[in-house]
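Thank you all for coming; I would like to spend a few minutes on charged pairs, and after that on the nonpolar interior and one hairpin. Please have the structure open while I talk.

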Amino acid sequence: MITVASRARAEHLARQRRVLAEVASDLVRVEAWLDATPPDGIPDAGTLTLHVPPGPHGMRVGEGRNRAAAAAIAAGADLLVFLDVDCLPGAGLLESYRAAALAHPAAILCGAVTYLSSVQRPETAADLPFLVRPHRARPALAPGVTRAATNAEYDLFWSLSFAVTPATWSTLGGFHAGYEGYGAEDTDLAWTARAAGVEMRWVGGADAFHQWHPVSSPPWQHLDDILRNGATFHERWGSWPMGGWLEAFAAAGAIEQRDGVWERVATPA
């Protein structure tokens, strides 16, 4: 199990650790800490802990996952399961990913995600089955069922919960290291998979539960990250990701497109 962590999500991480201890025993767990300084105190028992400090433009989420994956493979993991720090694993998440990997070892595997509300603070794995409400943007299949994604559905890949075999991870080459701060690294990985002919499959029963934290839509606090990472994606793929947010920023008068490139609108002196 691979998790990228930070002090800002300490409460979410503590809850994730408790639930993981209930649903899994034979687990190689790797936590990559993305803060400027290493984590304080003693790491969670049985966990490999890495420190991947930020780059000049912010946290290196993709690179944190890359280094954690390398550590997990070196420790003998035969399946890489990525679960963000603000997510909880359902009781069937690991079993469903393992079964899907046995049947489709060359695929990138994606389970459903339920976004919890602010008042939903589950403390044990037993609380989770009553909260299942998969996000409507992506397919939600019955346990034991998988389905190949269409070409268009690669845009629905979310890196907060997915699994790959080490061999498939090697084919993908990991997350592109050019992204720092917020946004685009997950879409880049999905497009890399599609370009390499790596199948993406939706996996029923691999439910993850995203713990609530404050968000804004569009995410104004990440505007500069979105412009910078979006430009990197555009250079690599000829297309701009996060189109809905870019359009919202443009509608608010914050950015405009010049010669095919989104840029901040200059404010009067």
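Let me begin with Arg7, which at 32% relative accessibility counts as partly exposed, and please keep in mind throughout that this is a predicted model. The side chain of Arg7 meets that of Asp35 in a salt bridge, with 3.2 Å from N to O. Since Arg7 sits in the loop between strand S1 and helix H1, while Asp35 sits in the loop between strands S2 and S3, the pair ties together parts that are 28 residues apart in sequence. Asp35, for its part, counts as buried, because its relative accessibility is 11%.

A second pair is Arg18 with Glu123, whose closest N and O atoms are 2.3 Å apart. Arg18 belongs to helix H1 and Glu123 to the loop between S6 and strand S7, so this salt bridge ties together parts that are 105 residues apart in sequence. Arg18 is partly exposed at 39% relative accessible area, and Glu123 is partly exposed as well, at 32%.

The third pair joins Arg65 and Glu185, at 3.6 Å from N to O, and it links distant parts of the chain, with Arg65 in helix H2 and Glu185 in helix H5, 120 residues apart. Here Arg65 is buried, with a relative accessible area of 3%, and Glu185 is buried too, at 10%. Returning to Arg18 and Glu123, salt bridges with shared partners join these two with Glu11, Arg15 and Arg121 into one network. Over the whole structure, the search finds 17 salt bridges.

Let me turn to the nonpolar interior. The largest nonpolar core has 44 residues, and Leu80, Ile108 and Phe162 have the most contacts inside it. Helix H2 contributes the largest share of this core, namely five residues. Apart from it lies another core, of 21 residues, including Cys87 and Leu93.

One polar residue also deserves a look: Thr114, in strand S6, counts as buried, because its relative accessibility is 0%. A polar atom of the Thr114 side chain lies 2.9 Å from the backbone nitrogen of Arg133, and, leaving aside neighbours within four places in sequence, the contacts of Thr114 include Leu131, Pro134 and Phe209.

Finally, the hairpin: strands S10 and S11 pair in the antiparallel sense over four bridges, and Glu256 has Glu263 in S11 as its bridge partner. Two residues lie between these strands, and Asp259 in the turn has a positive phi of about 55 degrees.

Note on methods. Residues are numbered from 1 along each chain as its sequence is written. This is a predicted model: local features need pLDDT of at least 70, side-chain atom pairs count only at pLDDT 80 or more; totals for chains, interfaces and linings use all residues. Side-chain values use heavy atoms; hydrogens and water are left out. Buried means under 20% relative accessible area, exposed over 50%, partly exposed in between (1.4 Å probe, protein chains only). A polar contact is a pair of N or O atoms within 3.5 Å; within protein, one must be able to donate a hydrogen and the other to accept it, and residues adjacent in sequence count only if both atoms are side-chain atoms. Contact means heavy atoms within 4.5 Å. A nonpolar core is a set of buried Ala, Val, Leu, Ile, Met, Phe, Trp, Tyr and Cys residues joined through side-chain atoms within 4.5 Å. Two strands pair if DSSP finds at least two bridges between them. A salt bridge is a side-chain nitrogen of Lys or Arg within 4 Å of a carboxyl oxygen of Asp or Glu.
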